[in-house]
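Subject: Structure handover

Hello,

Here is the structure I promised to pass on. My notes on what was found follow below.

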Amino acid sequence: EMNMKAVQIKKYSKKIETEVVEIPIPEIGDHEVLVKVKVAAVNHLEILNITGSVKLIQDYDMPLTIGNELTGVISEVGKLVSGFKKGDTVYTRLPLDKIGAFAEYVAVDAKAIWHLPKNLDFVTGAAAPLTGLTAYQGLHEELNAKAGQTVFIPGGSGSFGQMAVPIAKAMGLNVIVSGNPSAREQLLAAGATRYIDYTKENYWEILKGVDFVIDTLGAAEFDRELSIIKPGGRLLSLRTGPNKQFAKDHGFPKWKQLLFALAGAKFDKKAKKHGIEYRFIFVRSEGSQLQEISKIIEENNIIPAVDPTEFTLDQVNEALRLVASGHPKGKVVIKVSE
């Protein structure tokens, strides 16, 4: 019985404190592969997982090995898996009900992984799946956007916009972004139709009648975002919070739907007044979508920004603190193995 290092919590806690433990290397099921983790990314989601802030969306048994996103090499393949072999380099956003990227090995359903894009290495690749899937699912599923429609991304100069712009462009959408002046050229080159420098102009004063807004900034921007969307349009938030529609889409039980309906009522009511639908996204794993995203990453040579600070598994609490309260220059990553 071989052991491995893994980063775990024993209970949900407001304190962002995890511990490195030795646990057995997981056994794989017939549909799973065993991945030797190379690099794991640290997201804001990890902090929500530790504090229990999203336990109504996804609750976990304890102790819990944390971590949602990784690159690695397949070291074992389940008997019913096709399309992957030992030695393949892969990247993934792990399935919601079976996370655990902050470990030396992870057992993962083959439907959740895809081959690492050719232009990315283990480090940059670890920063791609979660953001890529968020953009893909947001545009295709939550907004159901069609060619010729217009989507606006406020605060789109960060990692989300970098991924969302080329995906939206591939769908034939007009993409307007507001953000800092330094990202202007890059995002126009990636397919943005218009770029608003937020240091010079207020988007809510110059935009009107867009089909969709994808909010990366949170509740404080809600009213301004609503004001520029045409009736019948949609506002999708990555930050503001879940609502009744979200609970329905996820097939939650009635009591939970009620809870979420109450939590999101303020936002739903405001949106309805404008004839707009409010949506919230909590991104899931999906290998077939990663396959599509990989093509876009390779064709556009998208290389996600990664914070230069180096962390090992033993330094995971420092990495989490940087994400929680620091100002990372890109995605924070943990180098799990050489």
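**Strand pairing and one helix**

In β12, the residue that bridges to F152 is V213. Please keep in mind that this is a predicted model. The two strands concerned are β9, residues 150–154, and β12, residues 210–215; they pair in the parallel sense over two bridges.

Both strands belong to an open sheet of six, with parallel pairing and the order β11-β10-β9-β12-β13-β14. Its edges are β11 (194–197) and β14 (277–280), each of which pairs on one side only. From one strand to the next the twist averages 20°.

Helix α3, residues 129–142, lies across β9, β12, β13 (229–237) and β14. Relative to β13, α3 runs at about 145°.

The other element to look at is helix α1, residues 44–51. Six of its eight residues are buried, so α1 is largely enclosed by the rest of the structure. Those buried residues are L45, E46, I47, N49, I50 and T51. As for what they pack against, the list has three strands and two helices: β1 (3–9), β3 (32–42) and β6 (89–93), together with α3 and α11 (316–325). Helix α3 therefore comes up twice in these notes: it lies across four strands of the sheet, and the buried residues of α1 pack against it, which is part of how α1 is enclosed.

Just after α1 comes G52, with a positive phi of about 80°.

Regards

Note on methods
Residues are numbered from 1 along each chain as its sequence is written. This is a predicted model: local features need pLDDT of at least 70, side-chain atom pairs count only at pLDDT 80 or more; totals for chains, interfaces and linings use all residues. Side-chain values use heavy atoms; hydrogens and water are left out. Two strands pair if DSSP finds at least two bridges between them. Axes are lines fitted to C-alpha atoms, for helices over the stretch in contact, and angles run from 0 to 180 degrees between N-to-C directions. Contact means heavy atoms within 4.5 Å. Buried means under 20% relative accessible area, exposed over 50%, partly exposed in between (1.4 Å probe, protein chains only).
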